[in-house]
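Here is a short set of exercises on reading a protein model. Try each task before you read its solution.

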Amino acid sequence: MLITLKVLYEHHFALQLSKFDGKCAYCSLLGAETTSWHTIKRCPAMTDLGAYFNWRKRLQYETECGICYICHVPQGRDSMLHKRFNGKPEDCAYRDVIAPAVYGLICQPSLRQKAEDRFPAADLSTPAKSLDWINDKPIRGYQSNLTALFLWYAEQM
Ligand SMILES: [Zn+2]
Ligand SMILES: [Zn+2]
């Protein structure tokens, strides 16, 4: 039973990630017209890259939590979601998806409000404040609060 649920979780997660295939997660979040994929460094919608990198750098995990600290994708059973973690960015199939999507969500007042309604313990009023909850113990059913936010958004796409 538990195994079945985990496999379902992984399939579900993979499906949500695949919704960002060929597009920039941050542009999608902001509703920008540019749909072609580009790295976050080349994102025309990202006006303050320094602030983004500053926020991303502060995303933290307990050790051995099963999430890639580069792209924030969980490895999943039998590496279903992510290759074995070697610390090499080339192994991250979805390198610029989860963090840019969540950052975009926080920067969008209407989405941020809906996310706070869904996750009442989260204060997403600024990227810096959001880290308190994002880096906190994950809510039930999720491996991190960052992925909880990501999945919540992607499920509505
Ligand atoms: Zn973009
Ligand atoms: Zn990775």
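The exercises below concern a predicted model.

**Exercise 1. Overall build**

Task: State how many helices and strands the protein has, and find whether its radius of gyration agrees with that of a compact globule.

Solution:
- Step 1. Count the elements. The protein has seven helices and zero strands.
- Step 2. Write their order. From the N terminus on, it reads α-α-α-α-α-α-α.
- Step 3. Take the expected value. For 157 residues, a compact globule would have a radius of gyration near 15 Å.
- Step 4. Compare. The protein has 15 Å, so the two agree.
- Step 5. Add the box. Along the principal axes, the C-alpha atoms fill roughly 45 × 35 × 30 Å.

**Exercise 2. Two helices that meet**

Task: Classify the crossing of helix α4 and helix α7, and sort the residues of their contact by type.

Solution:
- Step 1. Locate the helices. Helix α4 covers residues 98–107, and helix α7 covers residues 145–155.
- Step 2. Read the geometry. Their axes come within 9 Å and cross at roughly 75 degrees.
- Step 3. Apply the cut-off. Angles of 65 to 115 degrees count as roughly perpendicular, so α4 is roughly perpendicular to α7.
- Step 4. List the partners. From α4 come I98, A101, V102 and L105; from α7 come L146, T147, L149, F150 and Y153.
- Step 5. Sort them. Eight are nonpolar, one is polar and none is charged.

**Exercise 3. Positive phi, buried or exposed**

Task: For H72 and D78, give phi, then decide whether each residue is buried or exposed.

Solution:
- Step 1. Recall the background. Most residues other than glycine have a negative phi.
- Step 2. Read the angles. Phi of H72 is near 70 degrees, and phi of D78 is about 50 degrees. Both values are positive, and neither residue is a glycine.
- Step 3. Place the residues. H72 lies in the loop between α3 and α4, and D78 is in the loop between α3 and α4 too.
- Step 4. Use the cut-offs. Buried needs 20 or more other C-beta atoms within 10 Å, and exposed means 12 or fewer.
- Step 5. Decide. H72 has 24 such neighbours, so H72 is buried. D78 has 8, so D78 is exposed.

**Exercise 4. One residue on a helix**

Task: Say where L8 sits, whether L8 is buried or exposed, and what separates L8 from I139.

Solution:
- Step 1. Locate L8. It belongs to helix α1, residues 2–18.
- Step 2. Count. L8 has 10 other C-beta atoms within 10 Å, so L8 is exposed.
- Step 3. Give the separation. L8 and I139 are 131 residues apart along the chain, and their C-alpha atoms are separated by 18 Å.

Key. Residues are numbered from 1 along each chain as its sequence is written. Chains are lettered from A and ligands numbered from 1 in the order in which they are written. This is a predicted model: local features need pLDDT of at least 70, side-chain atom pairs count only at pLDDT 80 or more; totals for chains, interfaces and linings use all residues. Axes are lines fitted to C-alpha atoms, for helices over the stretch in contact, and angles run from 0 to 180 degrees between N-to-C directions. Helices (H or I, at least four residues) and strands (E, at least two) are DSSP runs, numbered from the N terminus. Angles under 35 degrees count as roughly parallel, over 145 as roughly antiparallel, 65 to 115 as roughly perpendicular and the rest as oblique. Two residues are in contact if their C-beta atoms, placed from the backbone, lie within 7 Å. Ala, Val, Leu, Ile, Met, Phe, Trp, Tyr, Cys and Pro count as nonpolar, Asp, Glu, Lys and Arg as charged, and the others, Gly among them, as polar. The radius of gyration is taken over C-alpha atoms; the globule rule is 2.2 Å times the number of residues to the power 0.38.
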